[in-house]
Amino acid sequence: MSMQVFLLPDLGEGLTEAEIVEWKVKPGDTVTIDQVVVEVETAKASVEVPCPFEGVVGELHAAEGTSLAVGAPLISISGGAVADTPAAHERYREEERAGSGNVLIGYGTGHGPTNRRKRRAAAPQVGAAAPQVSGNSTQATNRSGACGATSEPSRSHAPKVLSPIVRSMALQGGLDLTSIDTAGGHGVITRADVERALAGSRVASSPEGVTRIPITGIRKTIADKLSRSRSEIPEATVWVDVDATALMQARRDLDTSIDGVKVTLLAVLAKLTMIALAKFPELNSTVDTAAGEILRYENVGLGIAAQTDRGLMVPVVPQADKADLKELSERLAELTELARTGSLPAARLSGGTFTLNNYGVFGVDGSAAIINHPEAAILGIGRIIDRPWVVDGQLAVRKVAQLSLAFDHRVCDGGVAGGFLRTVADFVENPVVALGSVR
């Protein structure tokens, strides 16, 4: 009986790994083509993965809670057919021509015709030696001396490390390959196995009272992205205090004037930001470091920094500059609800060109925010509280907030950044004039 091995597919957005959240099937279950077999969590979102094979589930190659690299064995299906449609065949041929990487959800990673024949020949032994997880061919791996070659049964006791990267990680971490436990029962040491073993060795050597928490999943992606921003972008920050009394009143007035739509403070700030960006388009840009060029965008993909149970996310409102206040309010409300419930699809987390950050919800006055790479600027507003303020030469109690702007000094200088921030501040202090008849 033939055995098909479905590899973790390329989930897009440049993601290289995913964590197994929940298996929808178990060994012995019968599955059909395109049936969802597993839910995985990437750094962007939770994704349900359909299987391109039909038949009986033979083996699940990773336990729930473990991470898999794109192209690693995910599930084995015996005695069934492959998705047989012209579109599927064309996608598979494209994968073969590409070699690896540009793949479609549900169709794994192509490795070329030669390797496909080798996998089929070895399929009955898949439980003993799963296909390699790296982009190198099995033939090349065997030549390089990697363990786990199924053609040498006498060496079956040796640890199976089919990825040179995984082998290097283990050796650099001082691990004995024969002591590393493998997850999923397939007998191949994966990156997740090595990371788990390394974490265990660190915990064992940690001083009393210290807990080591691995940086994985979305936490790792956030760390990587923000570190990249700080290392690549020469950012500067400007800030200003503003009298937001009129802004608060305008928000209350708008609540009763836009067809029953709940207008939030964030929506009003977003609209004021769009108006200001039209006057200072330099900030709606990114830098192509490879080409040595500034890319200035015609439309604004407005990112909204949001704290969720999964961590910091920046869902995007595409073409936010084209939306009126009512539409912007509705779209922001939708994004907020999706973020709150953890239902944001990956597509809603890309395409941003400028980010708005309302850190006032955390009860803080100011922040030197990190730019959301590869954008060029992020605008933030702190909490709005009663403070003494001079109005027409007289001291009064007003609603005051702090605005801050972190910007990429490569796309503009302080004059542009300061001019933009001052414009937003003027709009906040007199929003009726800025909004005019826009609703």
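Which strand does Leu379 lie in? Leu379 lies in strand β17, and we'll get a close-up of it below.

A quick word before the views: this is a predicted model, where local features need pLDDT of at least 70, side-chain atom pairs count only at pLDDT 80 or more, and totals for chains, interfaces and linings use all residues. Residues are numbered from 1 along each chain as its sequence is written, and side-chain values use heavy atoms, with hydrogens and water left out.

**View 1. The whole protein, with its 11 helices and 19 strands.** Helices (H or I, at least four residues) and strands (E, at least two) are DSSP runs, numbered from the N terminus. Of the 439 residues in the protein, 45% are buried; buried means under 20% relative accessible area, exposed over 50%, and partly exposed in between, with a 1.4 Å probe and protein chains only. Take the contacts with a separation of 6 or more: residues 24 or more positions apart account for 61% of them. Contact here means heavy atoms within 4.5 Å.

**View 2. Helix α7 packs against helix α8.** Here α7 covers residues 245–255 and α8 covers residues 265–279, and they pack at an angle of about 110° with their axes 10 Å apart. The axes are lines fitted to C-alpha atoms, for helices over the stretch in contact, and angles run from 0 to 180 degrees between N-to-C directions. So α7 and α8 come out roughly perpendicular to each other. For angles, under 35 degrees counts as roughly parallel, over 145 as roughly antiparallel, 65 to 115 as roughly perpendicular, and the rest as oblique. The crossing of the two is right-handed, meaning the near helix is turned clockwise from the far one by less than a right angle; anticlockwise would be left-handed. From α7, look for Leu247, Met248, Arg251 and Leu254, which meet Leu265, Val268, Leu269 and Leu272 of α8. Sorted by class, this contact of α7 with α8 has seven nonpolar residues, no polar ones and one charged. Ala, Val, Leu, Ile, Met, Phe, Trp, Tyr, Cys and Pro count as nonpolar, Asp, Glu, Lys and Arg as charged, and the others, Gly among them, as polar.

**View 3. Helix α8 also packs against helix α10.** This time the angle is about 140° and the axes are 9 Å apart. That makes α8 oblique to α10. The crossing of α8 and α10 is right-handed. On the α8 side you'll find Leu269, Leu272, Thr273, Ile275, Ala276, Leu277 and Lys279, meeting Phe420, Thr423, Val424, Phe427 and Val428 of α10. The residues of this contact split into nine nonpolar, two polar and one charged.

**View 4. Helix α10, residues 414–429, along its length.** Its 16 residues reach 22 Å from first C-alpha to last, close to the 22 Å expected at 1.5 Å a residue. The expected span is 1.5 Å times one less than the number of residues. Buried residues in α10 include Ala417, Gly419, Phe420 and Leu421.

**View 5. Helix α9 and what covers it.** The end C-alpha atoms of α9 (residues 325–341) are 24 Å apart, which agrees with the 24 Å that its 17 residues should span at 1.5 Å a residue. Leu325, Leu328, Ser329, Leu332, Leu335, Leu338 and Ala339 are buried in α9. Their cover includes α7, α8, β12 (302–304), β13 (306–308) and β15 (316–317).

**View 6. Leu379 in strand β17.** With a relative accessible area of 2%, Leu379 is buried. Leu379 and Leu356 are 23 residues apart along the chain, and their C-alpha atoms are separated by 5.0 Å. Among the residues that Leu379 touches are Thr273, Leu356, Phe420 and Val424.

**View 7. Asn372 and Pro374, in the loop between β16 and β17.** The strands on either side are β16 (354–358) and β17 (377–381). Asn372 counts as buried at 12% relative accessibility, whereas Pro374 is partly exposed, with a relative accessible area of 44%. Not counting residues up to four places away in sequence, Asn372 touches Lys225, Val314 and Thr355. With that same kind of neighbour left aside, Pro374 is in contact with Ser285, Thr286 and Val287.
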